[in-house]
Amino acid sequence: MKIFPTKELNFKLIDDQAETLNRLNRRTDKSENLTSQLTDKSFRGIINGNEFKLISSAIGKGAFCVMIGAIEVDKGNVKVEIHKAFRILLSIILCFPIIAILIAILIGKEEPNPIFILVVIGHILIIRYAFIGLAFKYLSRESLNRLRDVLDFEWIKN
């Protein structure tokens, strides 16, 4: 089980590479640290040649997903993953149920109840699949739709 989901997609350019890169440069606010900030551009990030590392400029939810990709002559690829700061924060949240078991073992005079252990495992699964999984699915879709609108391309079915 992967703790943090990722998504890798390929796309076909409608325009040529130069026009697509020009459009991406115009709509990207240059930033080395990939943090949310109020801007009139669609993205914040780094563009080096034909490679990019971007976050959506939507305040509050745009920085959750980082899009890393490259634009080739007539096609491109993009990998979407959870931002490193959010991965650290979510890792800490995932550790809370495990800490609860350890505290129960250290404080308790006897073994913890098996139902308690199942509840803790259930909490970990709920955090992973309900919160992290659904948030990633929704926010990555929003970021990828914004990228598709800016770059004007078609997805290639795998």
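## The long helices

Let's start with helix H3, whose 38 residues reach 53 Å from first C-alpha to last, close to the 56 Å expected at 1.5 Å a residue. Keep in mind that this is a predicted model. H3 isn't straight all the way along: a kink of about 25 degrees is centred on Gly133.

Helix H2 covers residues 84-107. Its 24 residues should span 34 Å at 1.5 Å a residue, and the end C-alpha atoms are indeed 34 Å apart, so the two values agree. H2 has a bend too, of about 30 degrees at Phe96, with a proline, Pro97, following within four residues.

## Two sides of H2

Which residues of H2 are buried? They are Leu90, Leu94, Pro97 and Ile101. What do these buried residues pack against? Their partner is helix H3, residues 114-151. Pro97 therefore turns up twice in this story: as a buried residue of H2, and as the proline that follows the bend at Phe96.

Now for the nonpolar patch on the surface. It is formed by Ile88, Leu89, Ile92, Ile93, Phe96, Ile99, Ile103, Leu106 and Ile107, and together these have about 900 Å² of accessible area. Take Ile92 as an example: this residue sits in H2 and is partly exposed, at 44% relative accessible area. Phe96, where H2 bends, is also one of the patch residues.

## What happens after H3

Just after H3 comes Asp152, with a positive phi of about 60 degrees. Asp152 belongs to the loop that leads from H3 to strand S7 (153-156). Is Asp152 buried or partly exposed? With 32% relative accessibility, Asp152 counts as partly exposed.

Why look twice at a positive phi? Most residues other than glycine have a negative one. Asp152 is not a glycine, yet its phi is near 60 degrees. Leu34 is another non-glycine residue with a positive phi, in this case about 50 degrees. Leu34 is in the loop between S2 and strand S3 (43-48). Leu34 is buried, with just 7% relative accessible area.

## Salt bridges

How many salt bridges does the count come to? The count is 6. Among them, Arg23 pairs with Asp15, with the closest N and O atoms 2.4 Å apart. Arg23 also forms a salt bridge with Glu19, where the closest N and O atoms are 3.7 Å apart. Arg23 and Glu19 are 4 residues apart in helix H1 (residues 17-26), so about one helical turn separates them.

How well covered are these three residues? Arg23 counts as buried at 13% relative accessibility. Its partners are both partly exposed: Asp15 has a relative accessible area of 28%, and Glu19 comes in at 31%.

Then there's the pair Arg87 and Glu81, whose side chains meet in a salt bridge at 3.9 Å, N to O. That distance makes the cut because the limit for a salt bridge is 4 Å. In this pair, Arg87 is partly exposed, with a relative accessible area of 26%, while Glu81 is buried at 19%. Going back to the earlier trio, shared salt-bridge partners join Asp15, Glu19 and Arg23 into one network.

## Contacts across the sequence

Thr28 is in strand S2 (residues 28-30) and is buried, at 3% relative accessibility. Which residues does Thr28 contact, leaving aside neighbours within four places in sequence? The list is Lys41, Phe43, Arg44, Gly45, Ile47 and Leu54. Leu54 is 26 residues from Thr28 in sequence, and their C-alpha atoms are 8.2 Å apart in space.

Glu72 is a loop residue, placed between strand S5 (65-71) and strand S6 (75-82). At 35% relative accessibility, Glu72 counts as partly exposed. Not counting residues up to four places away in sequence, Glu72 touches Leu13, Gln17 and Asn50. Glu51 is 21 residues from Glu72 in sequence, with 8.9 Å between the two C-alpha atoms.

How values were computed: Residues numbered from 1 in each chain as written. Predicted model: local features only at pLDDT ≥ 70, side-chain atom pairs only at ≥ 80, totals over all residues. Heavy atoms only, no water. Patch = residues over 30% accessible without salt bridge, like charges linked within 9 Å, V, L, I, M, F, W, Y side chains within 5 Å. Areas by Shrake-Rupley, 256 points an atom, 1.4 Å probe, with all protein chains shown as cover. Buried < 20%, exposed > 50% of the residue type's maximum accessible area, 1.4 Å probe, protein only. Expected span 1.5 Å × (residues − 1). Bend = angle between axes of the 7 residues up to and from the residue. Contact = heavy atoms within 4.5 Å.
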